[in-house]
Amino acid sequence: NIGTLHARGYEAIGRPPLAETAEGVAAWNQSLVDNGLPGKFLLSPPKHHDAFEHGDAVNGVHPGDQLFARLNLVRAQMIPPVMWTSDVRDFSNYWEAWKGETGRRDFADFIDHAADFGCPIQGRAMFVDEAQDLSALEMRLIRRWADSMDVLTVVGDADQALYGWRGADPHVMTQPPIADEHTIVLPRSRRVPPAVHKAALQ
């Protein structure tokens, strides 16, 4: 029962074929050509042989890479489509239609769609670590799954938030507000000497 949220989400939605693979991106690009769709939606192949994470598209060479990265960002932040820019919305319309036709799913779908399925984790308690790096979409999934459990423990440190570029927001750890009696703030760092900790905070 230990794993990443994406791995658990992928399991929950039935392990469908992936869109964000070298094969998937090649199929997407070919579909654009075959259907006379805008060349501005072309994507670069992933850096890794199997799949790439949200941020990898930012440094791509094709025009669609930035659109895809921006789409992943607004999805992670749960920004309503009506508030998206028109170019991101246009890309999303084609992307979602293509995924529907091919049965492929992207990494954001692992989180977004998994909320509509039952929790794949067998147990009465869920322990979530590094919660400062969760997005609103990811926290929504965690809370949905936690509804079937007795205990949800969320651990994080806003001062160590690193993934804002992919939509992470440390504030989601406490939304909706958690009562004071259910919140524990560690009074000291157990990792470094006080002098080093003080210098780091400064």
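**Exercise 1. Is Arg75 buried, partly exposed or exposed?**

Solution. Step 1: take the cut-offs. Buried means under 20% relative accessible area, exposed means over 50%, and partly exposed lies in between, with a 1.4 Å probe and protein chains only. Step 2: apply them. Arg75 has a relative accessible area of 9%, so Arg75 is buried.

Notes on the model. This is a predicted model, in which local features need pLDDT of at least 70 and side-chain atom pairs count only at pLDDT 80 or more, while totals for chains, interfaces and linings use all residues. Residues are numbered from 1 along each chain as its sequence is written, and side-chain values use heavy atoms, with hydrogens and water left out.

**Exercise 2. Describe the overall make-up of the chain.**

Solution. Step 1: list the elements. Helices (H or I, at least four residues) and strands (E, at least two) are DSSP runs, numbered from the N terminus. The chain has seven helices and two strands. Step 2: put them in order. Starting at the N terminus, the elements run α-α-α-α-α-β-α-β-α. Step 3: give the extent and the burial. Along the principal axes, the C-alpha atoms fill a box of roughly 60 × 40 × 35 Å. Of the 202 residues in the chain, 38% are buried.

**Exercise 3. Find the salt bridge of Arg75 and place both partners.**

Solution. Step 1: state the criterion. A salt bridge is a side-chain nitrogen of Lys or Arg within 4 Å of a carboxyl oxygen of Asp or Glu. The whole structure holds 13 salt bridges. Step 2: name the partner. Arg75 pairs with Glu96, and their closest N and O atoms are 3.9 Å apart. Step 3: place the two. Glu96 belongs to helix α4 (residues 86-102) and Arg75 to helix α3 (residues 64-76), so the pair links distant parts of the chain, 21 residues apart. Step 4: classify Glu96. Its relative accessibility is 31%, so Glu96 counts as partly exposed.

**Exercise 4. Work through two further salt bridges, one of Arg140 and one of Glu138.**

Solution. Step 1: Arg140 forms a salt bridge with Asp112, with 2.9 Å between the closest N and O atoms. This pair also links distant parts of the chain: Arg140 is in helix α6 (residues 136-146) and Asp112 in helix α5 (residues 107-112), 28 residues apart. Arg140 is partly exposed at 27% relative accessibility, and Asp112 is partly exposed at 23%.

Step 2: Glu138 meets Arg166 in a salt bridge of 2.5 Å, N to O. Glu138 is in helix α6, while Arg166 is in the loop between β2 (151-154) and α7 (194-201), 28 residues away. Both partners, Glu138 and Arg166, are buried.

Step 3: look for shared partners. Salt bridges with partners in common join Arg75, Glu96, Lys99, Asp106, Asp109, Asp112 and Arg140 into one network.

**Exercise 5. Which nonpolar residues form a patch on the surface, and where does Tyr163 lie?**

Solution. Step 1: state the rule. Patches are made of residues with over 30% relative accessible area and no salt bridge; like charges are joined within 9 Å, and nonpolar side chains (Val, Leu, Ile, Met, Phe, Trp, Tyr) within 5 Å. Accessible areas come from the Shrake-Rupley method with a 1.4 Å probe, and for residues only the protein chains shown count as cover. Step 2: name the members. Leu162, Tyr163 and Trp165 form the nonpolar patch, with about 350 Å² of accessible area together. Step 3: place Tyr163. Tyr163 is in the loop between β2 and α7, and its relative accessibility of 35% makes it partly exposed.

**Exercise 6. Which residues touch the most other members of the largest nonpolar core?**

Solution. Step 1: define the core. A nonpolar core is a set of buried Ala, Val, Leu, Ile, Met, Phe, Trp, Tyr and Cys residues joined through side-chain atoms within 4.5 Å. Step 2: name the residues. The largest core has 23 residues, and Leu5, Met126, Leu134, Leu141, Ile142 and Trp145 touch the most other members. Step 3: trace the elements. At least two residues each come from α1, α5, β1 (125-128) and α6. Helix α6 gives the most, with five residues.

**Exercise 7. Which residue between α3 and α4 has a positive phi without being a glycine?**

Solution. Step 1: Met78 has a positive phi of about 60 degrees and is not a glycine. Step 2: Met78 lies in the loop between α3 and α4. Step 3: with a relative accessible area of 39%, Met78 is partly exposed.
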